[in-house]
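This report introduces the reader to selected features of one structure. The sequence and the structure are shown first, and the discussion follows.

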Amino acid sequence: MIASSIIEEEAVERTVEDVVCTFCGCCCDDLIVSVKGNRIVDVRNACALGLSKFLHMNENRLLKPKIGRSTSAKDVSLSEAVDVVVDLLKNSCYPLFYGWACTSCEAILLGLDLAEALGGAVDNTSIVCHGPTILAGQELGLITATLGQIKNRADLIIYWGCNPVEAHPRHMARYSVYARGRFIEGRRMRKVVVVDVRRTPTARVADLFIEIKPGYDYEVLSALKMLVRDLDLEVDEVGGVAVSKLEELADMMVEARFGVLFFGTGLTMSRGKDKNVEAAIELVRYLNFKTKFVLIPMRGHFNVTGANEVFTWRTGYPVSVDFSQGYPRYLPGETTAVDILRRGECDLFFVVASDPVSHLPRRAVEHLNNIPVVALDPKITPTVYISDVAIPVAYTGIEVEGSVYRMDTVPLRAKKIVDPPQGILSDVDVLKMILERVGGRM
Ligand code: SF4
């Protein structure tokens with residue numbers, strides 16, 4: 001221990017530039033990371049969330065494979081853990097593979113191959129965030145743009161049902177409100193609107209804040225659709241908002257040269273869900289008869305967008321894919337992980353890069369008491385804690401490289417900066433070992 005700290009003290013500090021932050025969907029790719037020995041000692045350009053991930057990645061770390069739940073768990077070797085996982089998979093009639101938001105596209109592809117080889121189901125975490133955006137996009141299409149276009153051109157920024165100051169802290173500085181673009185020089189050339197059910201920290205920077213009643217997004221969007229088409233509203237208020245205020249917003253939208261509507265789970269996961277997003281898409285459609293307008297979902301985890309992309313390349317469907325008939329089927333509300341779990345249909349739950357015990361509904365999580373659970377994760381999470389087999393893996397974008405997709409579907413290459421702890425492999429390597437043993441495509 002003393003020897004290793006002396007070696008670290010003597011190690012030369014090196015700097016890695018253009019590092020992609022693998023925390024939120026902004027995937028900021030301008031981080032400068034200082035490394036001494038095999039330890040990250042400083043990170044420049046990251047926000048507090050990104051900085052915390054890089055500097056505290058070894059806290060609460062899962063360092064050994066384990067078999068057995070919670071307090072009865074015992075440490076085993078990697079090959080023993082893989083043997084148990086392969087046996088469980090071979091004896092399973094309908095395994096469900098879930099997660100994929102915090103790993104690379106390469107790992108996600110292997111997860112899809114495993115599900116196909118075993119005739120199981122596979123789903124990603126977008127079912128609990130922007131699943132409704134996917135459904136609405138399939139109905140109507142998304143009128144969208146890259147964050148680079150927003151930085152260079154957008155003079156009206158609307159944040160609806162999202163709070164980037166706290167959830168995507170560099171979004172406004174790097175891509176929207178404060179960003180110095182080619183044609184727009186920064187904050188003074190942009191107008192900012194926040195629509196939410198409460199005055200969030202993001203609302204403090206807005207030129208116009210519209211506070212709507214919880215659950216009334218659809219009504220407010222419908223009213224705006226009428227106003228931008230110069231139709232009269234025969235009421236004084238909609239969703240708790242005075243019509244005069246909505247008229248002000250409609251005028252700002254029509255007068256913008258390039259507007260963007262960023263929307264979050266406040267829109268997608270409140271009453272109306274995909275119908276809310278459809279209303280937002282229709283509003284943007286009408287606006288495009290008068291000016292240029294786009295909408296972009298604020299995606300949460302750094303590669304949840306990549307999960308949708310990879311699912312689509314491989315199966316034709318972005319989420320909730322079932323292979324039980326030997327070909328991919330997509331039936332939202334039936335082949336969705338929450339529904340499969342709630343109906344108690346799957347007989348094995350295999351989690352990669354996610355913590356469903358913390359974020360899925362209680363009735364879905366309850367079924368995990370009845371079936372084996374396998375987890376691949378760098379950290380000890382509540383899901384790892386209740387897993388029958390947990391295998392530690394390296395951090396994507398810190399200890400292993402990999403491809404990820406930013407929230408606007410721009411692909412980026414996340415770098416390897418330091419080595420993982422001894423004996424810990426990437427999830428790609430662990431999934432390959434398992435796939436080889438169950439006889440899947442490689
Ligand atoms: S905004 Fe997101 S991607 Fe950018 S540094 Fe912060 S956590 Fe990382």
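Cys102 has a relative accessible area of 29%, so it counts as partly exposed in this predicted model. Cys93, by contrast, is exposed, with a relative accessible area of 67%.

Which cysteine sulfur is the closest to that of Cys93? It belongs to Cys346, and because the two sulfur atoms are 12 Å apart, they are too far from each other for a bond. A search of the whole structure finds 0 disulfides. Cys102 is likewise in no disulfide, and the nearest cysteine sulfur, that of Cys27, is 10 Å away.

The surroundings of the ligand also include cysteines. Cys21, Cys24, Cys26, Cys27, Cys28 and Cys47 are among the residues around the ligand. The other residues surrounding the ligand are Phe23, Ala46, Leu49, Gly50, Pro169 and Arg170. By character, this shell divides into 10 nonpolar residues, 1 polar residue and 1 charged residue. The ligand itself sits in the largest cavity.

Two further residues, Ile158 and Phe311, are set side by side in the table.

| Residue | Element | Relative accessibility | C-alpha partner | Separation in sequence | C-alpha distance |
|---|---|---|---|---|---|
| Ile158 | strand 8 (residues 156–160) | 0%, buried | Met253 | 95 residues | 9.3 Å |
| Phe311 | helix 13 (residues 304–315) | 0%, buried | Met298 | 13 residues | 19 Å |

Is Ile158 buried or exposed? Ile158 counts as buried because its relative accessibility is 0%, under the 20% cut-off. This residue belongs to strand 8. Leaving aside neighbours within four places in sequence, Ile158 is in contact with Val193, Val195, Leu249, Met253, Val260, Leu261, Phe262 and Phe293. Met253, one of these contacts, is 95 residues from Ile158 in sequence, while the C-alpha atoms of the two are 9.3 Å apart in space.

Phe311 lies in helix 13 and also counts as buried, at 0% relative accessibility. With neighbours within four places in sequence set aside, the contacts of Phe311 include Trp100, Ile108, Leu112, Val122, Asp123 and Asn124. Phe311 is also in contact with Gly316, Tyr317, Pro318, Val319, Ser320 and Val321. Met298 stands 13 residues from Phe311 along the chain, and 19 Å separates their C-alpha atoms.

Conventions:
Residues are numbered from 1 along each chain as its sequence is written. This is a predicted model: local features need pLDDT of at least 70, side-chain atom pairs count only at pLDDT 80 or more; totals for chains, interfaces and linings use all residues. Side-chain values use heavy atoms; hydrogens and water are left out. A residue is near a molecule or strand if one of its heavy atoms lies within 4 Å of it. On a 1 Å grid over the protein atoms alone, a cavity is a set of points where a 1.4 Å probe fits but cannot get out, and a pocket is an open set with protein on both sides within 12 Å along at least five of seven lines; lining residues have an atom within 4 Å of a point. A molecule sits in a cavity or pocket if more than half of its atoms lie within 2 Å of its grid points. Ala, Val, Leu, Ile, Met, Phe, Trp, Tyr, Cys and Pro count as nonpolar, Asp, Glu, Lys and Arg as charged, and the others, Gly among them, as polar. A disulfide is a pair of cysteine sulfur atoms within 2.5 Å. Buried means under 20% relative accessible area, exposed over 50%, partly exposed in between (1.4 Å probe, protein chains only). Helices (H or I, at least four residues) and strands (E, at least two) are DSSP runs, numbered from the N terminus. Contact means heavy atoms within 4.5 Å.
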